[in-house]
Amino acid sequence: MNKVLFAASECVPFIKTGGLADVCGALPKEFDKTYWDIRVVLPFYSCIPEKFRNECEYITNFYMGTGNYIPSKYVGIFRYKLDGITYYFIDNQEYFNCTVPYGDIRRDIERFTFFDKAVLSMLKQIDFRPDIIHCHDWQTGLIPVYLRTEFQADMFYWGIKSIMTIHNLKFQGIWDKKTMMGLTGFPAHLFTPDKLEFNKDANMLKGGLVYADYVTTVSDTYAGEIQTPYYGEGLDGLLRARHFDMQGIVNGIDYSVYDPATDPKIYVNYNAETFRKKKALNKEKLQKDLGLAVDKKKFMIGLISRLTDQKGLDLINYVIDRIVDDYTQLVVIGTGDPQYENMFRHYAWKYPDRISANICYSDDLAHKLYASADAFLMPSRFEPCGLTQLISFRYGTVPIVRATGGLKDTVEPYNEFEHIGDGFSFTNYNGEEMLGIINYAKHIYFDFKKDWNKMVDRGMANDYSWKSSKKRYEDLYNYLIG
């Protein structure tokens, strides 16, 4: 039996702020349990829903320090079983009593330093020795460092391999070296340019990338992009040096959660055979609920996103007056930077029958929008993988994307001459180019509806479940276990 421990800062259904939670929630369930024992460890945040917290089973507790700044602290271990997967939670009220999982970066760095050492310290207490610890994003970046340094004094940890998965390279966990030395207890020789030092500060993700046995990211194209200065966020040199131990594996989505035939959150269920008649019924009901002009013939564009610079919202701002003509509606769901929240509020006020700005995150409303929209817009500056376009395919909604990262890997541009493709894409980060492709999509939608519907058929026939990605992770795990 091969044993793998996922270490992450979030995981559905317990806590979610982004796609990382979806991956850590869905991927472990895909493995054949006769050969694989896959478990997950998370912080025991107070903001995890009560129904889960109350059912968690207390296992043990111990005391642990890291550096001078984190002397002996309580570590509680709780366990919860769901869908055949064992989840462990690391409890410490001082660090994980919070209303949201992330906040002040200095505090986040301290608590995830504590979490990373606690993950390794926990293993002997719960009598679980994984073959591989699969670490996700900067919050778990110090696990490979501790594993290869301090914990090598104990034979129990010898031979445990680690994988570092980059979900978004922009976030790295950077703070000054003196503080990081005090928090981690690492000796000064680890804070050098070939290890944790980064522009005279210390970098948690860099530590993971240096010390992990293998590095993955969430799409093939993004794995190539981050080895260049433009996308590399200052770590491109290190990533080029590690390129023989690195690959991109595109994320999947949970097909039982995202299925228009059975989804209880949408107005009218439909499938690949019935979408031509029934999808429009969802659109009309959503238009009514959001106070938009009710007309199934309108071209509805959806946008579900964190409202940040990464997502290409400045391009939308540049051309939005020309996107929402008399025949087009735009529905936005998301929260983020105040400038973008206010931008969408302003345009919703200016065009109340054409634009709906929902400055919130509502899973119910998101499902309704996937089922109602004709197209989904993702003009990202960079996009490691993206799940929105994969969910869009499932609901017969055509993605309009910028050809970067995972968007380039998963959306095949429509070709009207060869009748291939399942979406629309543009290459340069340019508002006029984006508007041009949106107008081209409208042209196909209004003037060649039969071709549009065939494009929807191809999108709905795609398989972006976890099956094929799981196989690649399985191969990687087997390779590392040897």
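In this predicted model, E383 is buried, with a relative accessible area of 5%. That value falls under the 20% cut-off for burial. E383 sits in the loop between β16 and α14 (388-394). Residues up to four places away in sequence aside, the contacts of E383 are Y222, Q310, K311, M378, T404, G405, G406 and L407. One of these, M378, belongs to β16 (375-378).

Strand β16 is part of an open sheet. This sheet has 6 strands, in the order β15-β14-β13-β16-β17-β18. The pairing is parallel. Its edges are formed by β15 (355-358) and β18 (424-426). Each of the two has a single partner strand, so one side of each lacks a neighbour in the sheet. On average, neighbouring strands are turned by 15° against each other, direction ignored. At the β15 edge, β14 (residues 328-333) pairs with β15 in the parallel sense. The pairing of β14 and β15 runs over 4 bridges. L330 has I355 in β15 as its bridge partner.

Two helices that lie across this sheet also meet one another. Helix α11 lies across β13 (299-304), β14, β15, β16 and β18. Its direction is at about 160° to β13. Helix α16 lies across β13, β14, β16, β17 (398-402) and β18. The angle between α16 and β18 is about 160°. Angles over 145 degrees count as roughly antiparallel. Therefore α11 runs roughly antiparallel to β13, and α16 runs roughly antiparallel to β18.

The axes of α11 (residues 313-323) and α16 (residues 431-447) come within 9 Å. They cross at roughly 40°. That angle makes α11 oblique to α16. The crossing of α11 and α16 is right-handed. From α11, the contact involves L315, I316, Y318, V319, R322 and I323. From α16, the contact involves G431, E432, M434, L435, I438 and K442. By class, the residues of this contact are 8 nonpolar, 1 polar and 3 charged. The polar one is G431, because glycine is counted as polar here. The charged ones are R322, E432 and K442, because Arg, Glu and Lys fall in that class.

A second open sheet has 3 strands, in the order β8-β10-β9. Its pairing is antiparallel. The edge positions belong to β8 (174-176) and β9 (197-198). Each has a single partner strand, so one side of each is left without a neighbour in the sheet. Strand β9 is joined to β10 (residues 201-203) by 2 bridges, and the two run antiparallel. Within this pairing, F198 stands opposite D201 in β10. Helix α6 (residues 177-184) lies across β8, β9 and β10. It runs at about 100° to β8. An angle of 65 to 115 degrees counts as roughly perpendicular, so α6 is roughly perpendicular to β8.

The loop between β9 and β10 holds N199. Phi of N199 is near 50°, a positive value in a residue other than glycine. At a relative accessibility of 62%, N199 is exposed. A similar backbone feature appears at D127, where phi is near 55° and again positive in a residue other than glycine. D127 lies in the loop between α4 (105-126) and β6 (132-136). It is exposed, with a relative accessible area of 68%. Both values exceed the 50% cut-off, so both residues count as exposed.

One cis peptide bond is also noted. It runs from V12 to P13, with omega near 5°. P13 lies in the loop between β1 (2-7) and α1 (19-26). Most residues other than glycine have a negative phi, and most peptide bonds are trans.

A further buried loop residue is G232. Its relative accessible area is 0%. G232 lies between α8 (220-225) and α9 (236-241), in the connecting loop. Leaving aside neighbours within four places in sequence, G232 is in contact with L169, E225 and I226. L169 is 63 residues away from G232 along the chain, yet their C-alpha atoms are separated by 7.4 Å. Helix α8 includes E225. The same helix includes Y222, a residue that E383 touches.

Conventions: Residues are numbered from 1 along each chain as its sequence is written. This is a predicted model: local features need pLDDT of at least 70, side-chain atom pairs count only at pLDDT 80 or more; totals for chains, interfaces and linings use all residues. Side-chain values use heavy atoms; hydrogens and water are left out. Two strands pair if DSSP finds at least two bridges between them. Contact means heavy atoms within 4.5 Å. Axes are lines fitted to C-alpha atoms, for helices over the stretch in contact, and angles run from 0 to 180 degrees between N-to-C directions. Angles under 35 degrees count as roughly parallel, over 145 as roughly antiparallel, 65 to 115 as roughly perpendicular and the rest as oblique. A crossing is left-handed if the near helix is turned anticlockwise from the far one by less than a right angle, and right-handed if clockwise. Buried means under 20% relative accessible area, exposed over 50%, partly exposed in between (1.4 Å probe, protein chains only).
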